[in-house]
Amino acid sequence: MQANFLAPPSVGLEQIMHKRRIVGFLAVVIAMALIGCGGGGGGFFTTSTTATTSTTSTTSGLDLTYTTNWTAESASPTGQSARIRLLNENGGVITQRVVNNSGSTQTVTLTDVPTGFYTVETQLFSGSNATGTVTGFLETVVQGQTSVQTTVGAALTDIKVTPTAQSLVVGDAQQMAVAGLTANGSLTFLAPNSITWSATGAISVSADGIVTANVAGTGTVTATHTSGATDSTTITVTTVSANRSKWTVMVFLNAANDLYGFAPPDMNEMERVAGNSQVRFVVQWKQVQGVGGNANPLFSGTRRYLIKPDTSSTIVSEVVQSLGVNVDMGRPETLNEFVDWTKQNFPADRYCLIVWNHGNGWHREPEQPGRVRGVSYDDHTGHAIQTWQLPTAMQGQNVDVFSFDACLMQMLEVISELQPYAPYVVASEENTPGYGYPYHVIFGPWTQNPAASTRDLTKTFVDGHTGYQSYQNDVITQSSVDSSRIDELLTAVDHLAGALIANRNDLTTIAPNIRNNSMKYAFRGDGRYYYDLWDIANRLQSANTAAAIKTAAAEVKTAVEAAVVWNGFTPLSAGSHGISIDFSPANAFAQYQTDYSLTRLARETRWDEWLAIAP
């Protein structure tokens, strides 16, 4: 049952600021006030609710008086007790109360009821204290009401379906509610399995009353009671927008983890730069109450937003879809669905896709060796999108820019998976601060000149991120890679791997020395062996190595330079050239060799064979 209620957030929550997106390392505890919700409201939404936040939070809500008249009992269904529940948009219980049959009229008061829309669901039970079997039910969606009147055992004269006159987005779903009506208009109970649902037009409906919007247009959903009483609601289905822009920027914002506190500031940054209709921002944002320490969020579940221009500290963007709490943003199929939906509803000449979350490069977390992790870690489900699942995430889709607002993702192992789906891949070899991209800085040039070439616009990620004043004392890198040059880089890496394998015995000292001195990402001793590929090749070329290694290393350097079109770093990350690679010793590689074999890099080059014997 859904009743679309926006829960008020808290203020002053203590946040853990991770060096974005690596759990367990360099966690800096900061006090970060989560932007709160003004009022205490929110509301029922399907296509166009504005969610607002402010720096203060007040507990608000109504006192709902719920009256049960037990005196009629002249018709079925009847019962010995009733359980009254108020449900939020995801079917979660806001509050509940059990009342026993008193043989009279009794009233209970439910305090701090949300001022927006919510669902009242009441079940009758054959025994006292909500025990025994369910003998009857009623459901109604209400808004701002201070009282609900129900009668048990009264003759039914009609039924009532709520909510009425809905507007849904294609692909959206809405749970309908139904209750009986007495002659004086009081709500009364229906027997279980006494309602049949049907639909016509642009919608379909399940046996339990869940309406799905299928195509643009209108539709009618009808509930029919076994007595013959019926009631209908008209549903309008839209595609949100049929206008085509020059750019649509898609942000897959997975905050169902300990990064939840950094999502509102990033939303604000997008709003600051969202003034040009030719550059639209569409966000799929998930957060869940209790997940990652998120005690009292602005909402709990997954929403799709169209970013609206605003320069205040509030979030004023439009909620165009609510997907509920059960969306798994650690599944590649979920990312694919988001891209497909955005393209259908916000078509553009060009698309940029950003995955916002923790990142761990290509492989498992070293501190949790039993758990494999790539990017978009959903702590609510325990899932993440693995590097070798990126082709599944992008199957049938193409974007012009694929970017990771996450740590450690600009690896050859990752880029090669995305090559068929995006001409440019933008990410960091190094860690990323918890605050992530400064969106207002990066996308300012996009909104000023959306007709600029894709290649030139990817430079704004590099300049905006590594040049951001607040990040100058952090280890920050960012690069834009031309995917069309990846095949030749894979060939060069394969040649280098072959030369290293052939001369393995000459590298027993050289390879460990390179690991000790080359540009490494994350932290030394952390169990990751991510190194700058150009730097590795340069050191192999400069060392006392075989001629075949020197030739192959030079080929790799040339291929890296050709593939990396823009590269930047802060002073603490000097020596980064834009693409990293796993350079593990064999004893470490053995722990995850099976996983590595799933990557395209392992399938198409001998790099995994080198790592399997690397000193």
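Let me start with one term: a residue is called buried when its relative accessible area is under 20%. Keep that cut-off in mind, everyone, and remember too that this is a predicted model.

Let's begin with the rings. The count of aromatic pairs comes to 24. One of them joins Phe299 and Tyr305, with 6.4 Å from centre to centre and 50 degrees between the planes, a tilted arrangement. Are these two residues buried or exposed? Both Phe299 and Tyr305 are buried.

Another pair is Trp362 with Tyr592. Here the ring centres are 5.3 Å apart and the planes stand at 65 degrees, so this pair is edge-to-face. I like this one for where its partners come from: Trp362 belongs to the loop between β25 and β26, while Tyr592 belongs to the loop between α12 and α13. The pair links distant parts of the chain, 230 residues apart. Trp362 has 0% relative accessibility, so it counts as buried. Tyr592 has 3%, which also puts it under the 20% cut-off, so Tyr592 is buried as well.

Rings can also gather in groups. Ring pairs join Trp247, Phe281, Tyr437, Tyr439, Phe443, Trp446 and Phe461 into a cluster.

Next, charges over rings. Arg304 lies over the face of Trp341, 4.5 Å from the ring centre. Likewise, the charged end of Lys343 sits over the ring of Tyr351, at 5.2 Å from its centre.

That brings us to charges meeting charges. Side chains of opposite charge can pair when their charged atoms come close. How many salt bridges does a search of the whole structure find? The search gives 13.

Take Asp378 and Lys286, whose closest N and O atoms are 2.7 Å apart. Asp378 lies in strand β26 and Lys286 in strand β22, so this salt bridge ties together parts that are 92 residues apart in sequence. What about their surroundings? Asp378 is at 0% relative accessibility and therefore counts as buried. Lys286 also has a relative accessible area of 0%, so this lysine is buried too.

Now look at Arg485 and Glu488, a salt bridge with its closest N and O atoms 2.9 Å apart. Arg485, at 29% relative accessibility, counts as partly exposed. Glu488, at 35%, is partly exposed as well.

Over in helix α14, Glu604 and Arg600 meet in a salt bridge of 3.1 Å, N to O. They sit four residues apart, about one turn of the helix. Glu604 is partly exposed, with a relative accessible area of 45%, whereas Arg600 is buried at 11%. This pair has company: Asp487, Arg600 and Glu604 are linked in a network of salt bridges.

Last stop, the nonpolar interior. The largest nonpolar core has 85 residues, and those with the most contacts inside it are Phe404, Leu412, Leu540 and Trp607. Which helix supplies the largest share of this core? That is helix α8, residues 486-502, with nine residues.

Let's zoom in on Trp607. Leaving aside residues up to four places away in sequence, Trp607 touches several residues, including Val493, Leu496, Ala497 and Leu500. Ile581, Phe583, Tyr596 and Leu601 are also among its contacts, and so is the acidic residue Asp582.

Apart from the 85-residue core lies another one, of 36 residues. Trp247, Val249, Ile315 and Leu457 are among its members. You have already met Trp247, in the ring cluster.

Note on methods:
Residues numbered from 1 in each chain as written. Predicted model: local features only at pLDDT ≥ 70, side-chain atom pairs only at ≥ 80, totals over all residues. Heavy atoms only, no water. Phe/Tyr/Trp six-rings, centres within 6.5 Å; stacked < 30°, edge-to-face > 60°. Buried < 20%, exposed > 50% of the residue type's maximum accessible area, 1.4 Å probe, protein only. Helix = DSSP H or I, 4+ residues; strand = E, 2+ residues; numbered from the N terminus. Lys NZ or Arg CZ within 6 Å of the ring centre and 35° of its normal. Salt bridge = Lys/Arg side-chain N within 4 Å of Asp/Glu carboxyl O. Core = buried A, V, L, I, M, F, W, Y, C linked by side-chain atoms within 4.5 Å. Contact = heavy atoms within 4.5 Å.
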